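Biologist: Please show me the model, and let us go through its sheet and helices by question and answer.

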Amino acid sequence: MKITCSIYTLKQLNKFAKYIDCAVLNTKKYSLVYEDLDLDKAILFCENNNILPIIAVNKLLHPSDLVSVNEVFEKYISKNILFLVTDLGAIQIAKRLNIINRIIYDPQTMITNKLDLEEYSKIGCDSLSMSLEIPLNDVNNSINDNSIFYQIFGHRIMFYSNRKLVSLYEEKANIKVSNNHLYLKEATRDDYLPIIENENGTMIYRPYCISLLKEKDIISKFKYGYMESLYLDDDIFLKVLIEYKNAISKNNIDESIANINNLGLNIEEGFTYKDSIYQKELF
């Protein structure tokens, strides 16, 4: 398994470089969530530090966006770079450019079982991502020899809309809120859900981190073990990276899990071991 980390700034890339194999590079033009990453500088840094760059082209695409997707594919076609995409339109462009084997296809919740995985594997991508809303055991029973990109640590996205929901709320309520470090709280629950609004829409994340290190036998089957750095201090996330790196290379799982637990993070299991169900209404 290649430890793969989300990168939003050059500072992060420099700090995490020793402990990652691949970097998912997020930029304003192509990515769902972004800060101020200079893509060319980040790619050069990766090349000089033996890190595989993966450009995130994972925002919700409109037909007008396909031109820019074609541009980014063509611009970096001569480099050793992969692309993380969520849209079938981007898949078609990659096929036309004959770089489908450099695509990591993550259709979010679309791939939920072995049959799905077998069908999507026929596309010919470098790897696929299964749904994060199904039990890990279901993922394990499906993957066989398929190359998998899967989130093994961090906050997971639970909602994405192209609509600007924070702005709509401001307009409706006739108030102005800061767009930094926003959270939603339901009236009947205690959780604070991180919410981001940017040019690409609105994203809501789960209020806790997932950590799958204790399932080393399963996650070791993944081609890419994705670790999300959003909503975590860089120094804290670095400590988690180090523990994952040590556990995988030195096999000191229990010690690394204990060290991560001592960081004071809100870590929960989510759907790792249980199915989500539809609750029938009672009349």
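The following exchange concerns a predicted model.

Biologist: In the open sheet of 11 strands, which are the edge strands?
Modeller: The order of the sheet is E6-E5-E4-E3-E2-E1-E11-E7-E10-E9-E8, and its pairing is mixed. An edge strand can be recognised here by pairing on one side only. That holds for residues 127–128 and 182–184, which are strands E6 and E8.

Biologist: Which residue in E9 is the bridge partner of Leu-182?
Modeller: Strand E8 covers residues 182–184. Strand E9, residues 193–198, runs antiparallel to E8, and 3 bridges join the two. Within E9, the partner of Leu-182 is Ile-195.

Biologist: What angle does the direction of helix H9 make with that of E1?
Modeller: Helix H9, residues 234–250, packs on the sheet and touches strands E1, E7, E10 and E11. Between the directions of H9 and E1, the angle is about 170 degrees.

Biologist: How many residues of strand E3 are buried?
Modeller: In a regular strand the side chains alternate between the two faces of the sheet, so each face should be examined in turn. On one side of E3, Leu-52, Ile-54 and Ala-56 are buried, and on the other side Pro-53, Ile-55 and Val-57 are buried. Both faces are thus covered, and the count for E3 is 6 of 6 residues.

Biologist: Which residue in E4 is the bridge partner of Ile-55?
Modeller: E3 pairs with strand E2 in the parallel sense over 4 bridges, and there Leu-25 stands opposite Ile-55. E3 and E4 also pair in the parallel sense over 4 bridges. In E4, the partner of Ile-55 is Phe-83.

Biologist: Is the β-α-β unit made by E3, H3 and E4 right-handed or left-handed?
Modeller: The chain runs from E2 through helix H2, residues 39–48, to E3 in a right-handed crossover. The unit of E3, H3 and E4 is likewise a β-α-β unit. Its hand is right-handed.

Biologist: Against which elements do the buried residues of helix H4 pack?
Modeller: Helix H4 spans residues 88–96, and its buried residues are Gly-89, Ala-90, Ile-91, Ile-93 and Ala-94. These residues pack against helix H3, strand E4 and strand E5.

Biologist: At the start of H4, which residue has a side-chain oxygen that reaches the backbone nitrogen of Gly-89?
Modeller: Gly-89 is one of the buried residues of H4. Its backbone nitrogen lies within 2.6 Å of a side-chain oxygen at the start of the helix. The residue that supplies this oxygen is Asp-87.

Conventions. Residues are numbered from 1 along each chain as its sequence is written. This is a predicted model: local features need pLDDT of at least 70, side-chain atom pairs count only at pLDDT 80 or more; totals for chains, interfaces and linings use all residues. Side-chain values use heavy atoms; hydrogens and water are left out. Two strands pair if DSSP finds at least two bridges between them. Contact means heavy atoms within 4.5 Å. Axes are lines fitted to C-alpha atoms, for helices over the stretch in contact, and angles run from 0 to 180 degrees between N-to-C directions. Buried means under 20% relative accessible area, exposed over 50%, partly exposed in between (1.4 Å probe, protein chains only). A polar contact is a pair of N or O atoms within 3.5 Å; within protein, one must be able to donate a hydrogen and the other to accept it, and residues adjacent in sequence count only if both atoms are side-chain atoms. A crossover is right-handed if, with the strands pointing away from the viewer, the path from the first strand over the helix to the second runs clockwise.
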